[in-house]
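Reader: Could we go through this model together? I have some short questions on its helices and loops.

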Amino acid sequence: MALLSKLKYSLWTDKPMDDFEDSELDVQLWTAALNELRTKMGGRDMCVYSTVPWLFEECYLYRRVREAMVIPHRATALGVSEPLDPFAQKKHTAWAQSAAPVATATERYRKSRQDERSYDEQLAGLILASLWGNRNDLSLHINTAVDNSAVETDVTEYSSSHVLVDHVSAIVECVKDIGDESARIDIILDNAGFELFNDLLLADHLTRAGKNVKVYLHVKQFPWFVSDATETDVMQTIDEMRRSENEDSQWLGGRLKENLASQKWVITTHTFWTLWNDYHHMESVAPDLFAELSKSQLLIFKGDLNYRKLLGDRPFPAREAFADCAPKFGSAPYCALRTNKSEVICGLSEETLASVSDGPNNDWMVTGDYGVVQFYPAP
Ligand SMILES: O=P(O)(O)OC[C@@]1(O)O[C@H](CO)[C@@H](O)[C@@H]1O
């Protein structure tokens, strides 16, 4: 608690940013980055919260929260287990609040396996549900109830007016090309809770894209941006479904567990996801991760923070092409499913930009009411 109070005080009073005092493996990387910033800014005292780039500041802050959990934990005999997740209660409450839409979506998903809609049509619907699930991150809605409205109603109807870039059919085509060769699809997950639930439905559907498809679920190594999913969150979500009294949930939980047991799904993580670097730097900072992702037949980046990192958190002109703003991951095609919660955007058409800029919602860039589904085909 003392470390968290100190953190709060230094943030409010805009104190110089300290080095980390825990002994986690990423500390050297952070120290080097802080030293570089200090040099750039003219000294240690000039390197304060309000002057460093926003992306760095936010990531630093969540890493400090981790430090506040790690130091007391490692100093006790409890050191063998994982440090506490300070956001666990919030995540749990949000998940509990999602019970009704989760039940509806689970029943719909179970029935969809017999309905006459094609695999592709169902995939398109699940992509949109996964997109709108991203409205529910707890760093944005920290004190408010979880908003499931866009998903409770008809996602397709909502989407036609609120998706500013709609490349859903291009993603569906990309998945169609997978065929029966061994293939991998990677989902770089974002928030636990209702978003994760929708992502798991999408991941389950994707395992049926071909005979030999493996889906890699990329999680964070530790609690991050309040609600980002860790391996514990994924496992708890699945276990809660299995233990539910609702028969559809039990069915789904069992199915998802089986995906893990049979290795159709692999949960994976990397230090890079909890660093400050944007994805233009992945190849040099985390060559192993870059090499892995480059093997993928489709990368799916979820959420606003991933989007900011794809675009280097830079204020590109909104009409700049997505392919010109985001990096390449070898020859892997990829997409971003993101509701707009920060002023970083690209790839809008002239008409869309005009309609949204002249529309009633002045805050269209940051409220999460609008979203983009952007696809970058293999180069
Ligand atoms: O990646 P997510 O969960 O979609 O969004 C996270 C996010 O909205 O939270 C921050 C506000 O604290 C923003 O910087 C950031 O983009």
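Author: The following exchange covers a helix pair, a helix with buried residues and some backbone angles.

Author: This is a predicted model, in which local features need pLDDT of at least 70, side-chain atom pairs count only at pLDDT 80 or more, and totals for chains, interfaces and linings use all residues. Residues are numbered from 1 along each chain as its sequence is written, and side-chain values use heavy atoms, with hydrogens and water left out.

Reader: At what angle do α11 and α12 pack?

Author: Helix α11 (residues 231–243) packs on α12 at about 140 degrees, and their axes, lines fitted to C-alpha atoms over the stretch in contact, are 7 Å apart. Helices here are DSSP runs of H or I with at least four residues, and strands are E runs of at least two.

Reader: Which residues of α11 meet α12?

Author: Met-235, Ile-238, Asp-239, Met-241 and Arg-242 do, with heavy atoms within 4.5 Å. Their partners in α12 include Leu-252, Leu-256 and Leu-260.

Reader: Turning to α14, which of its residues are buried?

Author: In α14 (residues 287–294), Leu-289, Phe-290 and Leu-293 are buried, meaning under 20% relative accessible area with a 1.4 Å probe, protein chains only.

Reader: What covers them?

Author: The cover includes β2 (182–188), β3 (212–219), α13 (282–285) and β5 (298–302).

Reader: And where does Gln-263 lie?

Author: Gln-263 is in the loop between α12 (247–261) and β4 (265–269). Its phi is near 60 degrees, a positive value in a residue other than glycine. Most residues other than glycine have a negative phi.

Note on methods. Buried < 20%, exposed > 50% of the residue type's maximum accessible area, 1.4 Å probe, protein only. Axes fitted to C-alpha atoms, helices over the stretch in contact; angles between N-to-C directions.
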